[in-house]
Amino acid sequence: MKDMKGKTMSNNLMTNFMYAYRLRRMLASMFLALALLLPLPSLAANTLEEVQNRGTLSCGVSQGLPGFSNPDDRGRWTGMDVDFCRAVAAAVLGNADKVTFTPLSAKDRFTALQSGDIDLLSRNTTWTTQRDSRLGFDFGGVWFYDGQAFMVRKRANVRSVRDLNGASICANSGTTTELNAADYFRTNNMDYEMVTFEKTDESIAAYDAGRCDAYTTDASGLYAQRLKLRRPNQHVILPEIISKEPLGPVVRQNDSVWADVVRWTMFATIAAEELDVTSKNVFRQIQECVSAEPLQKSVGAPPVGARRHRWRGFGAGQAMGVSHRSPGRQLCRNLSAQYRRRLAAQN
Ligand SMILES: N[C@@H](CCC(=O)N[C@@H](CS)C(=O)NCC(=O)O)C(=O)O
């Protein structure tokens, strides 16, 4: 009996132990399942939130490139790249003037973006695979499609880049310019001496002083920088374009809401041009559309359908965390208006 009782007790203990063990395992699995179901705290950056909390956008621009980003006589930044910063500020802060501009050399621009000194780089920057992948950035799109060209003195009687065998060439360091020139001269079995400077003003001054036979950069940059030479009309830009330079705004990788905002700001200015939305009529157009449900809008869709409907598609801005009126705010100027005002007028 005692034995039996002892056995029963130890059986009971065993059963209790097994029960507690199973219970613990079941609870552990339940917690694990729950943890998997719950959203993890996001590790992704949220520049949109930071900019909205701060109340200003910090935009990296060039140190001075007429037509793109250049301070005017009163020190106010002007140009297409500057306009793009203002458009983003208008979209996310409702005020195109809430931007601080940081002038950056070609070499320093990526460090400034990576370190968080700026929220957006809008500085005639070429979209390349290396910058998009290894350097850890994302491009918002193509704001200006450029290509690399060469400038020489008229009296040198050079007609083509092929005549530059053995020439000394001034350029900026930290650019695609250097790499394209190296490819071009190697492929065509030509010799050259590259003379690079960190600041464009130094390169252009060196070329002007006769230190180099040619100056090379993006064609738009050549036309802009030629204006800074002592006698601009004594210099010609050679006809060859040796590379593709799709220039566009850059953001840090893994910041996809911010990248969406930047990308759709650009698309809004392009769509506005297609739809003849201008700074004069934008608020009337928005009045018509503001109460409508946002439509799905596909990038690059042909301009079909009623104007109102296409424009309404940008109501999706609300879903990105920016005001549904934002396209109107971005449209201080549509794309072609910016081009005419900033670039065509200069050259
Ligand atoms: N698009 C090329 C070249 C950009 C570049 O830095 N160009 C020079 C020469 S036009 C420039 O922007 N200079 C103006 C400055 O440094 O402020 C790149 O992304 O590497």
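**Reading a predicted model: questions and answers**

Student: By class, which residues make up the shell around the ligand?

Tutor: The shell around the ligand has 15 polar, 3 nonpolar and 2 charged residues. Please keep in mind that this is a predicted model.

Student: How many residues surround the ligand, and which are the closest?

Tutor: The ligand is surrounded by 20 residues, and the closest are S62, Q63, A106, T175 and G221. A residue belongs to such a shell if its C-beta atom lies within 6 Å of the molecule.

Student: Which elements and which domains supply the shell around the ligand?

Tutor: At least two residues of the shell come from each of α6 (176-187), β11 (214-218), α8 (219-226) and β13 (245-247). Domain 1 (47-145 + 248-344) and domain 2 (148-243) each contribute at least three residues to the shell.

Student: Let us turn to one strand residue. Why is D218 called buried or exposed?

Tutor: D218 lies in strand β11. The cut-off for a buried residue is 20 or more other C-beta atoms within 10 Å. D218 has 26 C-beta neighbours inside 10 Å, and therefore D218 counts as buried.

Student: What is D218 in contact with, leaving aside its neighbours within four places in sequence?

Tutor: D218 is in contact with N124, D146, Q148 and E245, once neighbours within four places in sequence are left aside. What makes each of these a contact is a C-beta separation within 7 Å. By another measure, the C-alpha atoms of D218 and T175 are separated by 10.0 Å, although the two residues are 43 residues apart along the chain.

Student: How do you know whether T176 is buried or exposed?

Tutor: T176 is found in helix α6. With 21 C-beta neighbours inside 10 Å, set against a cut-off of 20 or more, T176 counts as buried. Beyond residues up to four places away in sequence, T176 touches T126, T128, S243 and E245. The C-alpha atoms of T176 and Q148 are 9.0 Å apart in space, with the two positions 28 residues apart in sequence.

Student: What makes α8 a mostly covered helix?

Tutor: Of the 8 residues in α8, 7 are buried. They are A219, S220, G221, L222, A224, Q225 and R226. These buried residues pack against β7 (144-146), β8 (148-153), α7 (200-208), β11 and β12 (235-237).

Student: Why is D201 called buried or exposed?

Tutor: D201 sits in helix α7. A residue is exposed if 12 or fewer other C-beta atoms lie within 10 Å of its own. D201 has 12 other C-beta atoms within 10 Å, so D201 is exposed. D201 and Q225 are 8.6 Å apart, C-alpha to C-alpha, and 24 residues apart in sequence.

Student: Are N157 and N254 buried or exposed?

Tutor: N157 is in the loop between β8 and β9 (167-172). N157 counts as exposed because it has 8 C-beta neighbours inside 10 Å. N254 is in the loop between β14 and α9. With 12 other C-beta atoms within 10 Å, N254 is exposed. Phi is a positive value in each of these non-glycine residues, near 55° for N157 and near 60° for N254.

Student: What makes a set of residues a nonpolar core?

Tutor: The members must be buried residues of certain nonpolar kinds, joined through C-beta atoms within 7 Å. In this chain the largest nonpolar core has 46 residues, of which L57, C85, V88, A89, V92 and L120 touch the most other members. Helix α3 gives the most to this core, with 11 residues. A second, separate core of 20 residues includes A181, L222, L238 and I242. In soluble globular proteins, nonpolar side chains tend to be buried together.

Student: Which residues is L120 in contact with, leaving aside its neighbours within four places in sequence?

Tutor: L120 is in contact with L57, C59, G60, C85, V88, P249, V251 and V262.

Student: How many of the residues in the chain reach a pLDDT of 70 or more?

Tutor: The share is 70% of the residues, and the mean pLDDT of the chain is 82. Over residues 1-5 the pLDDT is below 50, and this stretch has 0 contacts beyond near neighbours in sequence. Residues 290-316 also have a pLDDT below 50, and there the model has 31 contacts beyond near neighbours in sequence.

Definitions and conventions:
Residues are numbered from 1 along each chain as its sequence is written. This is a predicted model: local features need pLDDT of at least 70, side-chain atom pairs count only at pLDDT 80 or more; totals for chains, interfaces and linings use all residues. Helices (H or I, at least four residues) and strands (E, at least two) are DSSP runs, numbered from the N terminus. Two residues are in contact if their C-beta atoms, placed from the backbone, lie within 7 Å. pLDDT is the predictor's confidence in each residue, from 0 to 100. Ala, Val, Leu, Ile, Met, Phe, Trp, Tyr, Cys and Pro count as nonpolar, Asp, Glu, Lys and Arg as charged, and the others, Gly among them, as polar. Domain bounds come from an automatic or database domain assignment.
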